[in-house]
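Here's a quick tour of one model, with a helix, a pocket and some ring packing on the list. Have a look at the coordinates first.

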Amino acid sequence: MATYAARMEQAQPTLKNLENTIANTSSFAFNNYEKLPAELQPIAYRQFMQAARNFINAVLRRESGAVISPTEFAEARKQYLPQPGDNADILAQKEANRNIVYNSFKKGAGSAYQSLDELLGNTAVKPQNQPQTMTLPNGAVLTLQPDGTYE
């Protein structure tokens with residue numbers, strides 16, 4: 001359970017950072033990006049899809065323990081992740097869904113849970129009840145609050 005929670009924690013900042021980009025992408029473009037070679041796909045799309053796979057695989061693998069079908073993956077993407085055309089209310093609802101499942105996994109892991117800083121061997125680990133900052137590949141900084149929300 002701790003591994004799944006850590007994978008969700010790792011995915012969250014990227015998903016949050018890219019939610020408006022994805023929501024404002026046309027459905028046609030978004031659905032056709034995967035048909036392109038990786039070097040022709042927008043970097044935001046590639047980052048989003050990597051975070052999406054990380055988050056969804058953690059949720060579904062823990063829930064079922066079995067091979068994840070394409071249908072299950074597609075439904076989980078709609079449930080948890082920003083999609084083209086999502087408005088601010090839907091984005092907030094999906095973020096809340098991600099936070100609920102992440103916090104449930106984290107609590108379920110109990111003392112086995114370690115933060116990303118701990119897992120990556122960062123020496124300046126902040127206590128769990130303090131805000132933690134993460135720098136994304138694009139330079140944006142997100143702050144993880146103790147309640148699991150991001151700023």
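Buried here means under 20% relative accessible area, exposed over 50%, and partly exposed in between (1.4 Å probe, protein chains only). This is a predicted model, so to speak with filters on: local features need pLDDT of at least 70, side-chain atom pairs count only at pLDDT 80 or more, and totals for chains, interfaces and linings use all residues. Residues are numbered from 1 along each chain as its sequence is written, and side-chain values use heavy atoms, with hydrogens and water left out.

Let's take α5 (helices are DSSP runs of H or I, at least four residues, numbered from the N terminus). Its buried residues include Leu91, Val101, Tyr102 and Phe105, along with Lys94, Glu95 and Arg98. At the start of α5, a side-chain oxygen of asparagine 87 comes to within 3.0 Å of the backbone nitrogen of aspartate 89. Glycine 110 follows α5, with a positive phi near 55°.

Now the rings, which pair if their centres lie within 6.5 Å; planes under 30 degrees apart count as stacked, over 60 as edge-to-face and the rest as tilted. That rule gives five aromatic pairs. Here is one of them:

| Pair | Centre to centre | Between planes | Type |
|---|---|---|---|
| Phenylalanine 30 and tyrosine 45 | 5.4 Å | 80° | edge-to-face |

Phenylalanine 30 sits in α2 and tyrosine 45 in α3 (residues 43–64), so the pair ties together parts 15 residues apart in sequence. Both phenylalanine 30 and tyrosine 45 are buried. Phe30, Tyr33, Tyr45 and Phe48 make up one aromatic cluster.

Note on methods:
Helices (H or I, at least four residues) and strands (E, at least two) are DSSP runs, numbered from the N terminus. A polar contact is a pair of N or O atoms within 3.5 Å; within protein, one must be able to donate a hydrogen and the other to accept it, and residues adjacent in sequence count only if both atoms are side-chain atoms. Rings of Phe, Tyr and Trp (its six-membered ring) pair if their centres lie within 6.5 Å; planes under 30 degrees apart count as stacked, over 60 as edge-to-face and the rest as tilted.
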